[in-house]
Each structure stands twice: as C-alpha cells, then as structure tokens.
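Visitor: I've got a new model open on my screen and would like to learn how to read it. Could you walk me through it, one feature at a time?

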Amino acid sequence: MRVGFIGLGSQGAPMARRIVEGGYETTLWARRPASVEPFSDTAAKVADSPAALAAASDLVCLCVVGDDDVRQVLGGETGVLAGLAPGGIIAIHSTVHPDTCRELAETAAAAGVTVIDAPVSGGEPAAKAGTLLVMAGGDDEVIERVRPVFATYADPIVHLGGVGSGQVAKILNNLLFSANLGAAMSTLELGEALGVPRERLCEVVTRGSATSKALSSISMFSGTLDNLAPIAGALLQKDCRHAASLADTADVPEGAVSRSVFQAADAALTLMNHAR
C-alpha cells in the first residue's frame with residue numbers, strides 16, 4: 001500500500017516517519033518546505049500539491065488541525081480528492097466534528113473514494129514509540145486494510161463503528177480530560193488555601209487513588225496551567241464545543257448527559273485562557 005501523509009506537526013511527523021521506517025512507499029506534502037526537511041534522510045518522496053500526493057497514494061492520512069483545514073486539503077483543484085484514484089482511502093487523524101467526516105465521506109464516495117475517521121491520542125512521545133491510540137470509524141473491511149499501516153505508529157487500534165464514531169470517542173475523551181483538568185485545579189487551589197503547597201499536593205495525589213492523566217499533566221508544570229495552556233488550550237476548546245454540539249442532539253433522557261462535566265470543562269478552559 002502506497003501512503004501519503006499530510007500534517008507534519010509534532011505528532012504527525014513521527015507518525016509519518018514510522019510509516020516510512022515500516023517499509024511503506026510514502027509521499028509527503030506540507031505548506032512549508034521546512035516541515036519536510038527532516039525527512040531528507042528517509043526514502044519518503046515529497047509532492048508539490050495534495051493532488052499530486054494523492055495520485056501517488058492508495059491511502060492518504062491527514063493530521064492537520066481542524067475541520068476547516070481538513071476541508072481545504074481535500075477540496076479544490078489541487079486537493080486530495082482531485083488526485084486520488086477510485087478505490088483510494090482517506091484517513092482523518094485530525095480531531096473534527098463527526099458530521100464533518102460523514103459529509104466528506106459522502107462527497108468522496110461519489111468519486112469512488114472511501115473516508116474513515118481515525119483520531120489519535122498520546123501525543124508526540126507515543127507517536128515516536130509507536131504506541132498511539134487510534135480510534136477508528138468506518139467500514140470493517142477498510143479498517144482491516146489500513147490496520148497494518150496504522151500499526152506502524154499505533155497500539156491499540158480500536159474500531160468503534162461507522163464513520164464518525166472514532167471522532168465521537170475522541171471528543172468525549174477530551175471532554176472528560178478537560179473536566180478532570182478543572183477538578184484537579186480546583187482541588188489544588190483548595191489545598192493551597194488550606195496551607196498545602198501545590199507541588200507537594202501534586203506529589204501526593206499523583207501517587208494516590210485520585211490520580212489522573214490531567215493531574216499528571218498539571219504536575220509536570222509545578223501545579224499550574226501556565227505552560228499547558230498554550231499547547232492544549234485552543235484544541236481542547238474546539239473539542240469541548242464539538243462535545244456540546246453532540247450532547248444537544250443526543251437521543252437520551254433529559255439529564256442523562258451530566259452538565260457537571262461540561263461545567264468542570266468550562267472551568268478548566270477559563271483557567272487556561274487566563275494562563276495564556
């Protein structure tokens with residue numbers, strides 16, 4: 001399988017490198033030449049447009065930032081859909097709204113192209129180690145076809161259902177992470193008010209039954225969100241907006257979707273905005 005990769009950021013670049021090192025014929029494209037320079041020591045080829053990349057690929061992986069970025073890379077005369085042959089597959093690793101994936105899947109299907117969603121979790125360290133979590137949504141057969149490629153950078157690869165289901169899982173994961181950030185910061189502030197230094201309380205809780213990934217992230221930065229906010233703030237805000245949109249349309253009994261989770265997430269994002 002020939003693989004094209006677009007989105008060579010802190011997470012996408014190590015993913016692409018592992019695909020190349022896995023022996024797959026790989027083509028890259030980036031808006032900035034500097035993004036592909038680190039691959040000069042690899043067998044990866046560089047295309048001059050998303051369409052040219054797609055023409056040289058059976059599977060195109062996208063790891064750009066958001067919904068608009070995905071649409072821009074796929075559409076237009078020089079976009080991926082203009083170059084990808086019938087039978088091609090597009091894997092959206094970006095975290096976007098499930099409806100975006102479904103709309104793009106419908107558009108692509110008219111050209112004989114399949115879209116799957118495959119958002120990831122774990123960040124740069126997991127990408128380098130090949131241990132990213134992939135949350136996949138799409139046709140069973142297609143997911144199995146691309147699984148060996150995903151396995152170069154991911155373990156586990158969880159197939160959740162039809163197109164969009166991977167995005168639902170990722171968005172809910174990030175909603176809960178944001179809520180945990182809010183709960184952790186409130187706890188640290190309370191501890192400080194009661195005379196326990198934040199760093200010492202972080203040390204205790206990260207070793208106790210109340211620990212969480214969110215608290216561990218805060219602990220890395222001395223019990224504050226000052227350094228975490230510029231890295232994750234805007235992305236978490238986007239994902240929490242998507243979560244609120246999904247909750248508004250969920251077919252569940254009133255009150256089943258707890259507003260306390262959204263309130264805690266809002267508190268965390270407010271704190272992150274202040275930190276920035």
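Guide: Let's go through the core, the rings, the cysteines and the charged pairs in turn. Keep in mind that this is a predicted model.

Visitor: Let's begin inside. Which residues have the most contacts inside the largest nonpolar core?

Guide: The idea is to look for buried nonpolar side chains that touch one another. Here the largest such core has 35 residues, and Phe5, Leu8, Val134, Phe150 and Tyr153 have the most contacts inside it. Several elements each supply at least two of its residues, including strand E1 (3–6), helix H1 (12–21), strand E8 (132–137) and helix H8 (140–150). There's also a second, separate core of 22 residues, with Val80, Ile90, Ala105 and Val115 among them.

Visitor: Take Phe5, then. What is it in contact with, leaving aside its neighbours within four places in sequence?

Guide: Quite a list: among them are Met15, Ala16, Ile19, Trp29, Leu53, Cys61 and Cys63.

Visitor: Now the rings. How do I describe an aromatic pair, and how many are there?

Guide: You give the distance of the centres and the angle of the planes. The count here is one aromatic pair. Phe150 and Tyr153 make it, with 6.0 Å centre to centre and 45° between the planes, which is a tilted arrangement. Phe150 has a relative accessible area of 0%, so it counts as buried. Tyr153 is also at 0% and buried.

Visitor: Which charged residue lies over the face of Phe39?

Guide: That's Arg17, at 5.2 Å from the ring centre. Hold on to Arg17, as we'll meet it again.

Visitor: Next, cysteines. How many disulfides does a search of the whole structure find?

Guide: A disulfide is a covalent bond between the sulfur atoms of two cysteines. The search finds zero of them. Take Cys101: the closest cysteine sulfur, in Cys63, is 13 Å away, so that is too far for a bond. Cys101 is buried, at 0% relative accessibility. Cys202 counts as buried too, at 1%.

Visitor: And the charged pairs? How many salt bridges are there?

Guide: Side chains of opposite charge can pair when their charged atoms come close. The count comes to eleven salt bridges. In one of them, Arg17 meets Asp41 at 3.3 Å, N to O. That pair links distant parts of the chain: Arg17 sits in helix H1, while Asp41 is in the loop between helix H2 (33–36) and strand E3 (45–46), 24 residues apart. Arg17 is partly exposed at 23%, whereas Asp41 is exposed at 58%.

Visitor: What about a pair inside one helix?

Guide: Try Arg102 and Asp99, whose side chains meet at 3.0 Å, N to O. They are three residues apart in helix H6 (residues 98–109), so about one helical turn separates them. Both ends are partly exposed: Arg102 has a relative accessible area of 37%, and Asp99 has 36%.

Visitor: Glu192 and Arg198 form a salt bridge as well. Is each partner buried or partly exposed?

Guide: Glu192 is partly exposed, at 43%, but Arg198 counts as buried, at 16%. Their closest N and O atoms are 3.2 Å apart. Elsewhere, Asp68, Arg71 and Glu103 are joined into one network by salt bridges that share partners.

Visitor: Last stop: where is Leu194?

Guide: Look in the loop between helix H9 (165–193) and helix H10 (198–205). Leu194 is exposed, with a relative accessible area of 66%. From Leu194 to Glu25, C-alpha to C-alpha, is 59 Å in space and 169 residues in sequence.

Notes. Residues are numbered from 1 along each chain as its sequence is written. This is a predicted model: local features need pLDDT of at least 70, side-chain atom pairs count only at pLDDT 80 or more; totals for chains, interfaces and linings use all residues. Side-chain values use heavy atoms; hydrogens and water are left out. A nonpolar core is a set of buried Ala, Val, Leu, Ile, Met, Phe, Trp, Tyr and Cys residues joined through side-chain atoms within 4.5 Å. Buried means under 20% relative accessible area, exposed over 50%, partly exposed in between (1.4 Å probe, protein chains only). Helices (H or I, at least four residues) and strands (E, at least two) are DSSP runs, numbered from the N terminus. Contact means heavy atoms within 4.5 Å. Rings of Phe, Tyr and Trp (its six-membered ring) pair if their centres lie within 6.5 Å; planes under 30 degrees apart count as stacked, over 60 as edge-to-face and the rest as tilted. A charge sits over a ring if NZ of Lys or CZ of Arg is within 6 Å of the ring centre and within 35 degrees of the ring normal. A disulfide is a pair of cysteine sulfur atoms within 2.5 Å. A salt bridge is a side-chain nitrogen of Lys or Arg within 4 Å of a carboxyl oxygen of Asp or Glu.
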